[in-house]
Amino acid sequence: MSSSVEIRTLTTPQELFEAGAELVAHAAKEAAEERGRFTIALSGGSTPRSLYNLLATNARTSLPWDRMFFFFGDERHVPPTDKDSNFRMANEAMLSKVPIPQANIFRVPAENPDAAAAAEAYEQSLLKFFSPEPGQVPVFDVILLGLGPDGHTASLFPGTAALQEKSRLVVANWVEKFNTHRITFTLPVLNAARCVAFLVSGTDKAPALEAVLQSNASAEQYPAKLVHPANGKLIWLVDRAAASGLAAA
Ligand code: 6PG
């Protein structure tokens with residue numbers, strides 16, 4: 001189980017994004033001060049775009065961008081210019097608008113037609129950057145995650161092979177329903193983080209959020225249930241619409 005689990009319900013999506021931006025900014029300043037650098041893995045999809053925008057506008061001058069290092073918790077198997085690219089979304093919303101050295105941005109080489117090779121290359125870049133002890137897993141300061149309506153997170157989709165991965169850090173995960181590979185962090189990396197923060201917004205996520213947080217549905221069916229940082233914080237930042245299916249705690 002995580003050392004701590006917190007569920008914060010924000011009234012509106014805007015307040016949710018502001019809370020998410022505040023969480024990242026606070027963690028970045030603290031990590032840069034305490035450890036000289038801040039490492040974060042970004043989530044993709046559409047929800048976090050507004051959070052990234054807020055960081056690029058409200059925190060452009062107040063964060064130690066030169067000591068912040070950005071990775072991606074998952075990526076679609078497309079080039080970085082593709083409309084579906086998580087890198088493209090984060091780059092447009094934030095990374096291209098802040099004074100961060102390009103060397104601090106670790107993009108998944110998802111343009112490689114061989115998804116397994118792309119995953120292997122990305123795993124090597126994690127190992128090179130973190131230089132973990134043998135058998136140890138890289139520890140991110142923050143990993144941002146979203147929640148799909150089917151209960152997936154990162155690119156850990158229900159019933160897919162990546163859910164069983166216990167040793168690799170990054171894999172190419174075949175997702176039948178999209179007829180494509182996704183490149184994704186595995187659960188060992190997610191569960192090694194100092195802080196995992198889910199950002200969940202909208203009524204379309206209410207059934208999945210209720211299933212993940214309050215039902216005894218199987219984790220295979222709702223992979224977000226498998227995310228419990230062993231020595232880290234687990235924070236669910238949700239808006240009222242997404243939380244509408246939750247029984248009052
Ligand atoms: C991705 C994400 C994925 C996302 C959820 C929610 O590559 O799409 O990493 O896990 O967080 O699918 O997506 P939305 O924010 O678009 O609802």
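Buried means under 20% relative accessible area, exposed means over 50%, and partly exposed is in between (1.4 Å probe, protein chains only). Keep that handy for the exercises below.

This is a predicted model, where local features need pLDDT of at least 70, side-chain atom pairs count only at pLDDT 80 or more, and totals for chains, interfaces and linings use all residues. Residues are numbered from 1 along each chain as its sequence is written, and side-chain values use heavy atoms, with hydrogens and water left out.

**Exercise 1. Classify phenylalanine 157 and phenylalanine 178 by burial, then describe their ring pair.**

Step 1: Phenylalanine 157 has 2% relative accessibility, so it counts as buried. Phenylalanine 178 has 40%, so that one is partly exposed.

Step 2: Now the rings. Rings of Phe, Tyr and Trp (its six-membered ring) pair if their centres lie within 6.5 Å; planes under 30 degrees apart are stacked, over 60 edge-to-face, and the rest tilted. Phenylalanine 157 and phenylalanine 178 are 5.5 Å apart centre to centre with 90 degrees between the planes, which makes the pair edge-to-face.

Step 3: Place them on the chain. Helices (H or I, at least four residues) and strands (E, at least two) are DSSP runs, numbered from the N terminus. Phenylalanine 157 sits in the loop between strand S5 (142-145) and S6, and phenylalanine 178 in the loop between S6 and S7, so the pair ties together parts 21 residues apart in sequence.

**Exercise 2. Work out the strand order and pairing of the open sheet of three strands.**

Step 1: Two strands pair if DSSP finds at least two bridges between them. Strands of a sheet pair through backbone hydrogen bonds, either parallel or antiparallel.

Step 2: The order here is S4-S7-S6, and the pairing is antiparallel. Strand S4 (74-76) and strand S6 (170-175) are the edge strands, each pairing on one side only.

Step 3: Zoom in on S6 and strand S7 (residues 180-185), which share six bridges in the antiparallel sense. Asparagine 173, for instance, has arginine 182 in S7 as its bridge partner.

**Exercise 3. Find out what surrounds serine 155.**

Step 1: Look for serine 155 in the loop between S5 and S6. Its relative accessibility is 0%, so it's buried.

Step 2: Contact means heavy atoms within 4.5 Å. Skipping neighbours within four places in sequence, serine 155 touches Asp74, Asn173, Arg182, Ile183 and Thr184. Two names there should ring a bell: asparagine 173 and arginine 182 are the bridge partners from Exercise 2.

**Exercise 4. Trace phenylalanine 71 through the aromatic pairs and the nonpolar core.**

Step 1: The structure holds 15 aromatic pairs. In one of them, the rings of phenylalanine 71 and tyrosine 122 have centres 6.5 Å apart and planes at 55 degrees, so this pair is tilted.

Step 2: Phenylalanine 71 belongs to strand S3 (residues 68-72) and tyrosine 122 to helix H4, 51 residues apart. Both are buried.

Step 3: The two also share one aromatic cluster, whose members include Phe69, Phe106 and Phe185.

Step 4: A nonpolar core is a set of buried Ala, Val, Leu, Ile, Met, Phe, Trp, Tyr and Cys residues joined through side-chain atoms within 4.5 Å. The largest one has 86 residues, and Phe71 and Phe185 are among those with the most contacts inside it. Helix H1 (residues 13-35) supplies the largest share, ten residues.

Step 5: Finish with phenylalanine 185. Leaving out neighbours within four places in sequence, its contacts include Phe71, Tyr122 and Phe140.
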